[in-house]
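Okay, thanks for coming, everyone. I'll talk through the cysteines and then the chain contacts, so let me put the structure up.

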Amino acid sequence: MKYIDEFRDGELAKNLAASIGAAVEPGRSYSFMEFCGGHTHAISRYGLSDLLPPTIRMVHGPGCPVCVLPIGRVDMAIDLALKQGVILCTYGDTLRIPASDGLSLMKAKARGGDIRMVYSTIDALQIARDNPDREVVFFAIGFETTTPPTAVAIQQAETEGLSNFSVLCCHVLTPSAISNILESPEVRQWGTVPLDGFIGPAHVSTVIGSRPYEFFAEEYRKPVVIAGFEPLDVMQAILMLVRQVNEGRAEVENEFSRAVSRDGNLKAQDRVAEVFELRREFEWRGLSVVPYSALKIRQKYAAFDAERRFKLDYRSVPDNKACDCGAILRGVKKPQDCKLFGTVCTPENPIGSCMVSSEGACAAHYSYGRYKDAA
Amino acid sequence: MCLAIPVKVIEVGADDTAIVDLGGVTKEISLALLADVQVGDYVILHVGYALSKLDPEEAEKTLALFAELNQAGMAA
């Protein structure tokens, strides 16, 4: 397909690899975090780490909404489906996230919960129209890419007077997560996670633009290169990061200029600002409680807020003790460092959230990279 | 989760909707989040909504960059 195939050309990838090989300085090591799960997936699927010199290490970041969603939030969704009898609409990504009591949304569905996988908030609205006698809740997760469609749905529901529709809002913010990583003791004090730069999000940036990353370049002296999710985009971004490091620069560069501007999508930003406001704090899996890192529904749209409507309280639930997802999400550990990886924890039977979504670090490594270690 | 794909707009309809072509498959999407979309534009589609327009000139520039690097890589 146009604008995809050209960015997956194997010959060009080899030559980009040669350029990267020529650009790295002898005796220097480079450590870059790809924030997004989309990049993690591309790196694993296309075997990009095999094309890189051994002195470049890619650290997987927390930009996978399924991975950072804490158990307590999934419990709220399950409670709605099983105890409150609502029709719970959700993106397919959340269905297999392990929750309390050995449950997941999938298992809750097997127990009779009316849980429906939707592709779009448009479909969730239609389910609400078709079932006027039932409460329909949309389980809204995701970063800034996925937030505007939720805002549109809430406004649409208000316009139509769809009073049986509401949203369980779990939308989170990319810049807060990047700050949290940069401020973490592993990066700041102990240096156990060396970070020389970031590959910035592709589709999140189509919405928020490249401007929000300028703070990180200036304040923390970390280069950021925004990149598309195709393999050549990632290779090109790595080359640009290597050059910045070599030249002692810390700037925001945009490899994904075909879709990302400095200001981003203002129409989408306005919609989001109209419907949502900052949440004082939100618990992330791996990053713990992060202040002002997520969104909640404004008072004006309180009627569509499932947390208010069903008087839901968030309860923090610790992860499985043996699971290393937390450390993996902070870049402190690799998937293969976890003793559950590939033994009891597999994509078919995930113990931790990083094994659930195909863009989770563990699932990506399990699907595409695990035999490499054995070889 | 943030997965999105470039699709071609083949029809702009009423109520902020459009019909797009994804490699031969057609689908109705929402334009509620994107202004000034014309037939023939490529847009980035995410969960049923167009999120941004794809700039063909910038795409060409990026591809040209790979090609330039291609020569540099060969020379190195």
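So why is Cys338(A) not bonded to Cys323(A)? Cys323(A) has the closest cysteine sulfur, but that sulfur is 5.7 Å from the one in Cys338(A), so it's too far for a bond; a disulfide here is a pair of cysteine sulfur atoms within 2.5 Å. Cys338(A) is also buried, with a relative accessible area of 9%. Buried means under 20% relative accessible area, exposed over 50%, and partly exposed in between, using a 1.4 Å probe and protein chains only.

Cys345(A) is in no disulfide either, and its nearest cysteine sulfur, in Cys362(A), sits 6.3 Å away. Cys345(A) counts as buried too, at 7% relative accessibility.

Keep in mind that this is a predicted model, where local features need pLDDT of at least 70 and side-chain atom pairs count only at 80 or more, while totals for chains, interfaces and linings use all residues. Residues are numbered from 1 along each chain as its sequence is written, chains are lettered from A and ligands numbered from 1 in the order written, and side-chain values use heavy atoms, with hydrogens and water left out.

So which cysteines do pair up? Cys64(A) and Cys67(A) do, with their sulfur atoms 2.2 Å apart. The count over all chains is one disulfide. The Cys64(A)–Cys67(A) link is right-handed, with 65 degrees about the S-S bond, and both cysteines are buried.

Now, the two chains. On chain A, 47 residues are in contact with 40 residues of chain B, contact being heavy atoms within 4.5 Å. The area buried between them is about 3700 Å², and carbon and sulfur atoms give 68% of that. By buried area I mean the accessible area (1.4 Å probe) that two parts lose on being put together, summed over both. Tyr3(A), Tyr119(A) and Arg258(A) supply 18% of what chain A buries against chain B, more than any other three residues.

How many salt bridges are there between chain A and chain B? Zero, counting a side-chain nitrogen of Lys or Arg within 4 Å of a carboxyl oxygen of Asp or Glu.

As for secondary structure, α1 (10–23), α7 (121–130) and β5 (136–142) are among the chain A elements that each supply at least two residues to the side touching chain B. α1(A) gives the most, with six residues. Helices here are DSSP runs (H or I, at least four residues), strands are E runs of at least two, and both are numbered from the N terminus.
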